[in-house]
Amino acid sequence: TNEKITHLDYGGGDGKFSTYVNTKKNITSSFFDPYYNNILSVDFKKNEYNIITLWHVLEHAYDLDILFENIEKSLENRGKLVVAVPNFDSLERNIYKENWAAYDLPRHLYHFNNISLEKLLRSKGYKIIDKKRMLFDTFYISILSGMKISNISVIKSLFVALFIVFKVIIKGPELSSSLLYVCEKEK
């Protein structure tokens with residue numbers, strides 16, 4: 001498409017993802033992170049974007065209402081919101097139990113499954129367009145979870161991750177390690 005894309009990576013840390021996106025044609029990307037001190041971070045409320053990404057941000061937000069108010073001020077009508085969060089209903093949570101790395105307490109303030117994430121997004125005025133699998137997250141979370149048990153468990157966790165990936169491919173993104181939703185602002 002030749003449409004000009006304006007992108008904001010909300011919670012973008014040091015801005016590396018935004019820097020990468022800026023290498024693509026017809027895209028202008030900015031980033032904002034309230035917890036990462038970077039001079040290049042933008043005042044997100046001053047611009048309108050047609051895509052905002054929240055890569056593993058929701059579970060860290062102290063106030064989801066304020067977060068969505070900020071997004072509301074920045075995302076243009078019919079704009080796309082891309083949200084990724086760890087999935088509380090993931091298969092590896094059932095395998096690793098209390099050693100599941102994505103609990104990540106106290107940094108993760110919320111835990112979402114597909115039902116609670118959809119309910120939140122709809123209540124904030126977003127229509128879910130697509131759900132995607134984040135298969136590489138399965139390896140990452142499985143390895144971190146295995147490391148909590150022992151070094152031998154790390155090797156075992158690779159096989160567990162392969163098993164989970166095949167199940168997720170067959171059964172769908174609702175069992176994936178992370179939920180990735182593409183939404184559209186309804187108004």
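**Ile71 and the surroundings of helix H2**

Colleague: Leaving aside its neighbours within four places in sequence, with which residues is Ile71 in contact?

Modeller: This is a predicted model, where local features need pLDDT of at least 70, side-chain atom pairs count only at pLDDT 80 or more, and totals for chains, interfaces and linings use all residues. Residues are numbered from 1 along each chain as its sequence is written, and side-chain values use heavy atoms, without hydrogens and water. With contact meaning heavy atoms within 4.5 Å, and neighbours within four places set aside, the partners of Ile71 are Ile52, Leu54, Leu81 and Tyr126.

Colleague: Within what arc do the buried residues of H2 fall, seen down its axis?

Modeller: In H2 (residues 64-74; helices are DSSP runs of H or I, at least four residues, and strands of E, at least two), Leu64, Leu67, Phe68, Asn70, Ile71 and Ser74 are buried (under 20% relative accessible area, 1.4 Å probe, protein chains only). They line one face of the helix because their directions from the axis to the C-beta atoms fall within an arc of 155°.

Colleague: How many residues has the largest nonpolar core?

Modeller: Such a core joins buried Ala, Val, Leu, Ile, Met, Phe, Trp, Tyr and Cys residues through side-chain atoms within 4.5 Å. Leu58, Ile71, Leu81, Leu117 and Leu121 have the most contacts inside the largest one, whose residues number 26.

Colleague: Which residue of E6 is the bridge partner of Ala84?

Modeller: E6 (residues 178-185) is largely enclosed by the rest of the structure, because 7 of its 8 residues are buried. E4 and E6 pair antiparallel over 7 bridges (pairing needs at least two DSSP bridges). In E6, the partner of Ala84 is Leu180.

Methods:
Buried means under 20% relative accessible area, exposed over 50%, partly exposed in between (1.4 Å probe, protein chains only).
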